[in-house]
Amino acid sequence: MVDKSSVIFGNEIDKKTIKQANKSKLKYQKKFGNDENSDYKIGFKDIDTLDFIGASNIVFDKENHKFEDNALIVGNIRMGFGHYRISIAMASAARALGYKPYWLDLASFDATGSKMIRKQNDMYSLASRISQKSKLFNKVVWEPLNSEGFKKITYNAKDQKNSELLVPIFKNIPKDIPYIATHVWPSQGAIHAGMKNVVNAIPDNWPMGLHLSEGAIHAVQTPYAYLGYKMLNGFAKKPLKGISEDELKMVGCYIDHELLVNLKEDNDLRRDRLRNDKPLRVLMTVGGAGAGFDMYLAMVKHLIPFVEAKKVALFINFGDHKTVYEKLCNKLGGMKTTNFFNEFNKLKEFKKEIRNKDVSGIYAIYNENIFEAVYSTNLLMPESDILVTKPSELAYYPIPKVFMRHIGGHEVYGAINGREKGDSTFECPTKESINEMFDRLLSDKEILVHICDQIDKLKEEGAYDGAYECVKLAAMKK
């Protein structure tokens with residue numbers, strides 16, 4: 001295992017940072033144990049929710065099982081819903097291009113590295129929730145950390161050292177299997193373990209040292225991200241050596257095959273509904289951390305009269321957070337909804353039913369199963385006219401989007417990208433501004449027609465082909 005904390009893309013890291021990185025790794029080993037000599041056997045388990053792409057979950061087993069010859073591994077972690085959603089897109093593209101996708105959630109195992117990830121994820125989720133409740137914490141701590149703290153190249157040194165703890169999980173995984181990571185830790189862990197065909201799919205539009213994984217091909221979605229990583233611009237006080245062309249590729253947005261194959265027809269149906277004054281279908285997705293509740297409350301309260309007048313149909317995916325649904329109902333003094341609670345198959349039938357007919361009312365979706373919780377949004381996307389989301393991973397999806405306020409400074413640049421491409425509105429940071437946006441879109445539906453036209457153009461240009469390109473990069477390296 002080669003040390004990647006001392007020199008990063010030819011840039012030497014100071015001794016103090018290296019010392020802190022080593023100390024961090026030892027801290028986790030002391031807390032969760034040292035499993036460097038463990039022999040974790042690898043088995044597989046079908047993911048029923050993703051049966052349409054034939055994805056198998058990699059699990060620990062009593063003996064090693066053989067990967068199929070056309071295997072491609074998607075390495076990920078659950079941190080909110082975002083990295084899971086991008087992983088589904090990669091698995092979908094892999095299947096469409098003839099590969100058998102395997103799902104490797106590094107946070108899911110009873111291993112030291114997995115426990116390290118879960119601990120850091122718990123801290124991140126807590127801080128995210130606090131940032132929505134405390135303006136002072138958000139201004140002084142959370143925004144600066146997400147926009148500038150994670151940007152520093154020195155931050156990568158600590159992560160690289162911690163990710164060495166992930167190596168034992170890879171012991172019995174063949175090293176030449178094409179591998180796409182949708183978070184930097186699965187990429188770093190794979191490189192440390194000797195995987196040879198690693199693509200590091202970077203999720204954000206704001207370049208950060210956090211996302212560096214030297215030894216992998218770094219895939220980015222936008223020109224802004226490409227130049228930032230090419231120069232490592234702003235990663236230190238002085239200019240740095242950047243990333244070489246063979247280690248950095250701009251590929252486009254990471255989108256599922258299923259969301260692209262009928263996209264033109266989806267937009268034709270949207271334009272028909274908009275121009276014939278059909279109820280506007282609004283899809284809201286509550287993030288994994290459950291942040292932004294007050295804004296959701298304000299939006300739903302504002303839209304209820306439009307729902308009652310059959311001018312709006314409202315789909316709300318509460319993910320695996322039923323308490324958010326209960327809290328929303330309580331705050332509104334009750335809410336008449338049609339519920340799909342742990343009824344994923346019923347939701348799939350509903351999706352088919354509303355494809356070519358009108359729909360009205362409020363629909364609440366909740367699933368305990370994480371794959372069902374995440375994919376319910378994907379399921380309803382083609383049948384919706386607007387997606388309401390913070391500008392995180394969903395900022396790049398091919399559907400007209402209304403952006404809520406960002407959570408973490410890095411998300412600002414997702415909103416900027418969507419606004420400049422023309423497949424979304426600008427960011428609406430307050431309750432008042434986002435409800436004003438709804439009013440405008442309801443009174444002037446040609447705005448949404450224009451966005452649909454723009455999405456069609458972007459599709460033709462290949463702007464949404466990033467997942468396919470990541471698969472090709474991982475396979476070509478093999």
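Is C329 buried or exposed, going by its relative accessible area? That is where I started, and the cysteines get their own point below.

1. **Confidence.** Keep in mind that this is a predicted model. The mean pLDDT over the protein is 91, and 92% of the residues reach at least 70. Helix α4 (residues 135-149) is where confidence is lowest, with a mean of 61. At the other end is strand β7 (residues 179-181), which has the highest value at 98. I'd read anything that involves α4 with that mean of 61 in mind.

2. **Cysteines.** To answer the opening question: C329 is buried, since its relative accessible area is 13% and the cut-off for buried is under 20%. Searching the whole structure for disulfides gives zero. C452 is one of the cysteines without a partner: the nearest cysteine sulfur belongs to C253 and sits 16 Å away. A pair would have to be within 2.5 Å to count as a disulfide. C452 is also buried, with a relative accessible area of just 1%.

3. **Helix α13.** How many of the residues of helix α13 (residues 370-380) are buried? The count is 11 of 11, so the helix is largely enclosed by the rest of the structure. The buried set includes nonpolar side chains such as I370, F371, V374, L379 and L380. E372, S376, T377 and N378 are buried in α13 as well, and of these E372 belongs to the charged class. The N-terminal end of the helix has a cap from N369, with a side-chain oxygen 2.9 Å from the backbone nitrogen of F371.

4. **Just after α13.** D385 belongs to the loop that runs between α13 and β15 (386-389). Its relative accessible area is 2%, so D385 counts as buried. What does the D385 side chain contact? The partner is the side chain of R273, through a polar contact of 2.8 Å. R273 falls within the residue range of helix α9 (residues 263-275), so this contact ties the loop after α13 to that helix.

5. **The cavity.** The whole-structure search turns up one cavity of 30 Å³ or more, and its volume is about 30 Å³. Its lining is made up of L259, L263, D266, R270, M381, P382, P398 and I399. Which element gives the largest share of that lining? It is helix α9, with three residues. By class, the lining has six nonpolar residues, two charged ones and no polar ones. The charged pair is D266 and R270.

6. **The second largest pocket.** This pocket has a volume of about 340 Å³ and a lining of 15 residues. Nearest its centre are I153, A236, K237, K238 and L240. Two elements give two or more residues to the lining, namely β2 (11-12) and α5 (153-163). The class split is six nonpolar, three polar and six charged. If you plan to look at electrostatics here, K237 and K238 are both among the residues nearest the centre.

7. **Positive phi values.** Most residues other than glycine have a negative phi. Two exceptions caught my eye. L232 has a positive phi of about 50° and is found in the loop between α7 (223-231) and β10 (248-250). N342 has a phi near 55° and lies in the loop between β13 (338-341) and α12 (344-353). Are these two buried or partly exposed? L232 is buried at 2% relative accessibility, whereas N342 is partly exposed at 39%.

8. **Two distances.** K41, in strand β3 (residues 41-46), is partly exposed with a relative accessible area of 27%. K41 and V59 are 18 residues apart in sequence, and their C-alpha atoms are 8.3 Å apart. P429, in the loop between β17 (424-427) and α15 (431-443), is also partly exposed, at 42%. From P429 to N267 the separation is 162 residues in sequence and 27 Å in space, C-alpha to C-alpha.

Technical notes
Residues are numbered from 1 along each chain as its sequence is written. This is a predicted model: local features need pLDDT of at least 70, side-chain atom pairs count only at pLDDT 80 or more; totals for chains, interfaces and linings use all residues. Side-chain values use heavy atoms; hydrogens and water are left out. On a 1 Å grid over the protein atoms alone, a cavity is a set of points where a 1.4 Å probe fits but cannot get out, and a pocket is an open set with protein on both sides within 12 Å along at least five of seven lines; lining residues have an atom within 4 Å of a point. Grid points are joined across faces, edges and corners, and a volume is the space filled by probe spheres set on the points. Helices (H or I, at least four residues) and strands (E, at least two) are DSSP runs, numbered from the N terminus. pLDDT is the predictor's confidence in each residue, from 0 to 100. Buried means under 20% relative accessible area, exposed over 50%, partly exposed in between (1.4 Å probe, protein chains only). A polar contact is a pair of N or O atoms within 3.5 Å; within protein, one must be able to donate a hydrogen and the other to accept it, and residues adjacent in sequence count only if both atoms are side-chain atoms.
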